[in-house]
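Welcome, and please have your viewer ready. We will take a short walk, one selection at a time.

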Amino acid sequence: MYDTARRVALVKQRVRENTRRRQRCEAISLSAACILLCAALMQTAGTVVAPGQTAAWGVFGAMLLREDAGGYVLVAVVSFAAAVVITALCFRLRSKENRRKDGTDKPNQHEKEEKSQ
């Protein structure tokens with residue numbers, strides 16, 4: 001039999017392992033989502049943007065001056081919007097984890113007492 005200190009240490013170790021496993025799973029799923037989004041945007045860019053030569057070689061900003069450059073702008077706006085959404089989700093996930101660690105998502109002591117009475 002283990003003593004209380006040993007059991008508490010084992011529980012804390014198990015919690016750390018579970019937390020690491022969950023974070024790894026979240027990182028893998030976010031990476032997969034980003035790769036899928038990148039592939040979808042590349043496919044969209046291939047179908048939306050018309051092939052052709054730019055009017056000015058070596059000046060890549062001149063591509064946006066062409067009349068059929070709307071595809072480039074569309075892909076850029078969609079990419080930016082997707083990055084903003086992913087960043088917001090990551091911030092939310094991080095703040096949710098921090099609240100869980102701090103214990104702020106748990107009910108107050110007086111609320112527990114009111115429920116038990």
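The tour goes from a pair of helices to their salt bridges and then to a pocket.

**Stop 1: the two helices.** Before you start clicking, keep in mind that this is a predicted model. Select residues 4-48, which make up helix H1, and give them one colour. Then select residues 70-102, helix H2, and give them another.

**Stop 2: Arg22 and Glu26.** Show the side chains of Arg22 and Glu26. They meet in a salt bridge, with N to O at 3.8 Å. Why do these two sit about one helical turn apart? Because both belong to helix H1 and are four residues apart there. Switch on a surface and you will find Arg22 partly exposed, at 33% relative accessibility. Glu26 is partly exposed too, with a relative accessible area of 21%; the cut-off for buried is under 20%.

**Stop 3: across to Glu97.** Keep Arg22 on screen and add Glu97. Here is another salt bridge, in which the closest N and O atoms of Glu97 and Arg22 are 3.9 Å apart. Glu97 lies in helix H2 and Arg22 in helix H1, so this pair ties together parts that are 75 residues apart in sequence. Is Glu97 buried or exposed? Glu97 is buried, because its relative accessible area is 11% and buried means under 20%.

**Stop 4: the network.** Now show Arg22, Glu26 and Glu97 together. Salt bridges with shared partners join these three residues into one network. How many salt bridges does the structure hold? There are two.

**Stop 5: around Glu97.** Centre the view on Glu97 and look for its contacts. Setting aside neighbours within four places in sequence, Glu97 is in contact with Arg22, Gln23 and Glu26.

**Stop 6: the largest pocket.** Which residues line the largest pocket? Select Gln23, Glu26, Ala27, Leu30, Cys90, Leu93, Arg94 and Glu97 to see its lining. You have already met some of them, including Glu26 and Glu97. Helices H1 and H2 each supply at least two residues of this lining, and the pocket has a volume of about 190 Å³. Try colouring the lining by class: four residues are nonpolar, one is polar and three are charged.

**Last look.** Leave Glu97 highlighted as you finish. This residue of helix H2 pairs with Arg22 in a salt bridge and also helps line the largest pocket.

Definitions and conventions:
Residues are numbered from 1 along each chain as its sequence is written. This is a predicted model: local features need pLDDT of at least 70, side-chain atom pairs count only at pLDDT 80 or more; totals for chains, interfaces and linings use all residues. Side-chain values use heavy atoms; hydrogens and water are left out. A salt bridge is a side-chain nitrogen of Lys or Arg within 4 Å of a carboxyl oxygen of Asp or Glu. Buried means under 20% relative accessible area, exposed over 50%, partly exposed in between (1.4 Å probe, protein chains only). On a 1 Å grid over the protein atoms alone, a cavity is a set of points where a 1.4 Å probe fits but cannot get out, and a pocket is an open set with protein on both sides within 12 Å along at least five of seven lines; lining residues have an atom within 4 Å of a point. Grid points are joined across faces, edges and corners, and a volume is the space filled by probe spheres set on the points. Ala, Val, Leu, Ile, Met, Phe, Trp, Tyr, Cys and Pro count as nonpolar, Asp, Glu, Lys and Arg as charged, and the others, Gly among them, as polar. Contact means heavy atoms within 4.5 Å.
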